[in-house]
Amino acid sequence: MVRKFDFLVIGSGIAGMSFALKVAKKGSVALICKAELEEANTYFAQGGIASVTDMKVDNFDKHIEDTMIAGDWISDREAVEKVVRNAPEQIKALIDWGVDFDKKEDGEFDLHKEGGHSEFRILHHKDNTGAEIQTSLIEA
């Protein structure tokens with residue numbers, strides 16, 4: 001039996017699932033994974049995702065600098081800049097797909113400061129951010 005698809009996505013982690021959801025509007029998608037859709041490193045990630053979300057106290061240049069310092073200046077600066085500057089758009093897509101990042105009582109994100117970050121910019125869901133993301137992407 002031969003099956004034809006417009007897109008073939010290998011991997012059910014955040015990258016593969018996000019891409020599959022984005023291109024599903026443009027054609028048929030086959031998603032290949034190890035076993036079950038939950039069987040991805042994304043599911044087991046406990047931490048959060050770093051993104052500039054509060055431009056009153058944070059900015060892209062600070063986040064880029066923090067990332068370069070944490071990477072002992074051997075990170076590819078162009079790649080770091082691309083990821084940091086595109087993070088807010090990707091966070092919005094995750095939220096649109098149902099990811100429920102923790103919020104404070106006032107409705108603002110409950111941001112954390114971790115690792116080499118100089119500002120509070122870590123979005124999370126309890127201590128199982130990866131499972132929340134993976135489950136939401138599967139449902140979407």
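Guide: Lys and Arg count as positive and Asp and Glu as negative, leaving out His and the chain ends; each charge is placed at NZ of Lys, CZ of Arg, CG of Asp or CD of Glu. This is a predicted model, where local features need pLDDT of at least 70 and side-chain atom pairs pLDDT 80 or more, while totals for chains, interfaces and linings use all residues. Numbering runs from 1 along each chain as its sequence is written, and side-chain values use heavy atoms, without hydrogens and water.

Visitor: So how far apart are the mean positions of the positive and negative charges?

Guide: The protein has 17 positive and 26 negative charges. Take the mean position of each set, and the separation is 6 Å.

Visitor: In what order do the helices and strands run?

Guide: Going by DSSP runs (helices H or I, at least four residues; strands E, at least two), there are 5 helices and 4 strands. The C-alpha trace holding them spans about 55 × 40 × 25 Å along its principal axes. Starting at the N terminus, the order is β-α-β-α-β-α-α-β-α.

Visitor: Is W73 buried, partly exposed or exposed?

Guide: W73 sits in the loop between helix 3 (60-70) and helix 4 (77-96). Buried means under 20% relative accessible area and exposed over 50%, with partly exposed in between (1.4 Å probe, protein chains only). W73 comes out at 47%, so it counts as partly exposed.

Visitor: Beyond its neighbours within four places in sequence, which residues does W73 contact?

Guide: Contact here is heavy atoms within 4.5 Å. G115 is 42 residues away along the chain from W73, and their C-alpha atoms are 16 Å apart. With neighbours within four places set aside, the contacts of W73 are E65 and M68.

Visitor: Which elements are among those covering the buried residues of helix 1?

Guide: Across the protein, 34% of the 140 residues are buried. In helix 1 (14-23), the buried ones are G16, M17, S18, A20, L21 and V23. Their cover includes strand 1 (7-10), strand 2 (29-32) and helix 5 (129-139).

Visitor: And which residues contribute to long-range packing, or rather, what share of contacts with a separation of 6 or more joins residues 24 or more positions apart?

Guide: Here the count starts from contacts with a separation of 6 or more. Within that set, residues 24 or more positions apart account for 55%.

Visitor: How much of the exposed area do carbon and sulfur atoms supply?

Guide: Accessible areas come from the Shrake-Rupley method with a 1.4 Å probe, and for residues only the protein chains shown count as cover. The protein exposes about 9100 Å², and the carbon and sulfur share is 52%.
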